[in-house]
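Work through the two exercises below with the sequence and the structure side by side, attempting each task before reading its solution.

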Amino acid sequence: MKRTAVAASAAALLLPLSACGGSAEAGSGSTITVTVGYQSKTINTVTAGTLLRSLGSFEKQLNSLHDGHTYKVDWQDYATGAPITAQMTAGKIDIGSMGDFPLLLNAARGKQLGRPTHLVSVTGYNLRGGLNTVVTAPGSKLTSLQDLKGKKVSTSIGSAADGTLVRALQRAGIDPDKGISKLNQQPAVGASALSSGSVDALSQFVAWPGLLAYQGKAKALYDGAQLNLPTFHGVTAREDFAKQHPAVLEAFLKAQAEATDYLNAHPVAAAEKVAKATGLPAEVVYLYNGAHGVATFDPAVKPQLVSALKQDVSVLKAAKLTGDIDVDSFVDDQYVKKALAASYARRLADGPAPAADEVWPKGSEKTVSFKSAKELLAYVAGHQGGVRAAYVPDVTTGTLWFADKAVWVADGDQLLPFVTPATAQAYVTAHGGARTVSYREALERAS
């Protein structure tokens with residue numbers, strides 16, 4: 001995402017491109033350059049990009065091949081999946097990572113140009129859809145998705161966040177094409193538009209919603225997990241590259257698994273590494289990639305994620321971004337199964353960590369977990385100035401959010417956090433005597 005040039009829109013991927021030779025063949029003599037396209041600030045892809053690069057795991061795996069070749073890795077950083085697909089179908093990127101909707105466009109584009117690509121592994125996922133969020137300005141009077149009718153909303157068309165917006169509007173009875181004024185913008189452009197007041201809301205993928213909320217520049221309006229539909233990012237590889245260099249692809253997938261294991265074993269250290277590489281606050285990275293974060297990391301290609309991918313096709317077709325896509329032929333898990341060997345079955349069966357309330361104390365390399373949000377609030381109240389970040393899962397969706405940005409409800413002795421005003425109000429309506437309270441009052445009640 002450090003590229004300053006505006007990436008091609010998803011629709012632009014359907015325009016003709018001239019293909020050129022595969023980048024893995026670049027270099028002289030026995031030197032092979034492997035080009036990897038990634039999105040540094042789309043932080044639920046870090047095990048195939050930012051963190052992987054920081055750890056040097058891929059290079060180590062390539063050096064261990066001992067096949068007579070010298071390998072070089074060319075890491076190329078982009079803001080979205082669209083330019084990665086454009087480069088892949090031009091033969092200039094061998095392996096890329098992107099979200100579920102861009103993955104489908106990657107499949108369609110590759111088939112259209114006779115340069116087929118395949119989904120070979122998964123990076124970060126959320127089984128309910130919590131990786132995408134619609135946010136509004138801090139002082140906005142909008143409190144629910146229904147309030148977006150007739151408003152200006154920024155998103156990146158063809159992205160997973162756009163898919164969430166379309167589905168959420170449809171469920172709210174709003175035509176996603178005619179019911180709002182949709183602006184197709186890069187995440188950074190949309191964030192600026194929200195701050196300037198030129199749009200009423202922003203629908204984006206990680207880490208933008210959490211970042212803007214953390215900075216006090218936005219508040220959550222709609223939690224993508226309310227859809228209860230899986231969303232994920234994955235790794236795609238050119239078919240010709242995979243066939244010509246299967247050992248290289250397997251080395252990448254082994255390295256991805258190493259990065260995944262490192263992230264799961266050292267979530268705070270991993271967050272700090274990603275923060276250093278991207279410039280994002282480590283507190284925001286941990287929100288998504290932490291021990292109980294919004295994203296779960298596993299390279300296994302889970303059936304429920306493939307099923308969700310098939311459901312996504314209809315959204316892209318309705319937006320006229322693509323035609324039919326044969327998802328089954330696009331998914332190719334043979335390489336990751338071989339790379340992970342006996343551990344693959346275990347990884348396939350693994351699921352998300354249970355939701356938990358966590359505090360990251362200042363100066364600590366570890367977080368502290370609590371059994372309830374009230375216990376967390378009591379700790380925060382007793383350690384004013386000593387807390388780096390506090391995280392709480394939404395009562396209804398399980399989506400983790402910053403405690404001081406959550407919407408709090410008092411219900412008897414309980415203090416309950418919600419990501420959005422709408423989910424909090426739904427709880428209050430269904431529970432007599434419950435009422436919303438400010439964060440300050442929640443802290444006072446807990447102390």
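**Sheet, helices and cores**

Helix α4, residues 100-112 of this predicted model, lies across β3, β4 and β10 and runs at about 130° to β3.

**Exercise 1.** Determine the strand order of the open sheet and which strands form its edges.

*Solution.* Begin with the order, which for the six strands reads β2-β1-β3-β10-β4-β11, with mixed pairing. Next take the ends of that order: β2 (70-77) and β11 (296-297) are the edge strands, since each of them pairs on one side only. Then examine the β11 end, where β4 (residues 117-126) pairs with β11 in the antiparallel sense over two bridges, and where Tyr 125 has Thr 296 of β11 as its bridge partner. Finally, place the other helix, α3 (residues 81-89), which lies across β1 (31-38), β2, β3 (95-99), β4 and β10 (231-238) and runs at about 150° to β3.

**Exercise 2.** Identify which residues touch the most other members of the largest nonpolar core, and which helix gives the core its largest share.

*Solution.* Start from the 123 residues of this core, among which Phe 58 and Trp 408 touch the most other members. The largest share, nine residues, is then found to come from helix α9 (residues 246-265). Now follow Trp 408 outward: leaving aside residues up to four places away in sequence, its contacts include Ala 373, Leu 377, Val 392, Pro 417, Arg 435 and Tyr 439. As a last step, set apart another core, of 15 residues, which includes Leu 148, Leu 169, Ile 180 and Leu 221.

Methods: Residues numbered from 1 in each chain as written. Predicted model: local features only at pLDDT ≥ 70, side-chain atom pairs only at ≥ 80, totals over all residues. Heavy atoms only, no water. Pairing = 2+ DSSP bridges. Helix = DSSP H or I, 4+ residues; strand = E, 2+ residues; numbered from the N terminus. Contact = heavy atoms within 4.5 Å. Axes fitted to C-alpha atoms, helices over the stretch in contact; angles between N-to-C directions. Core = buried A, V, L, I, M, F, W, Y, C linked by side-chain atoms within 4.5 Å. Buried < 20%, exposed > 50% of the residue type's maximum accessible area, 1.4 Å probe, protein only.
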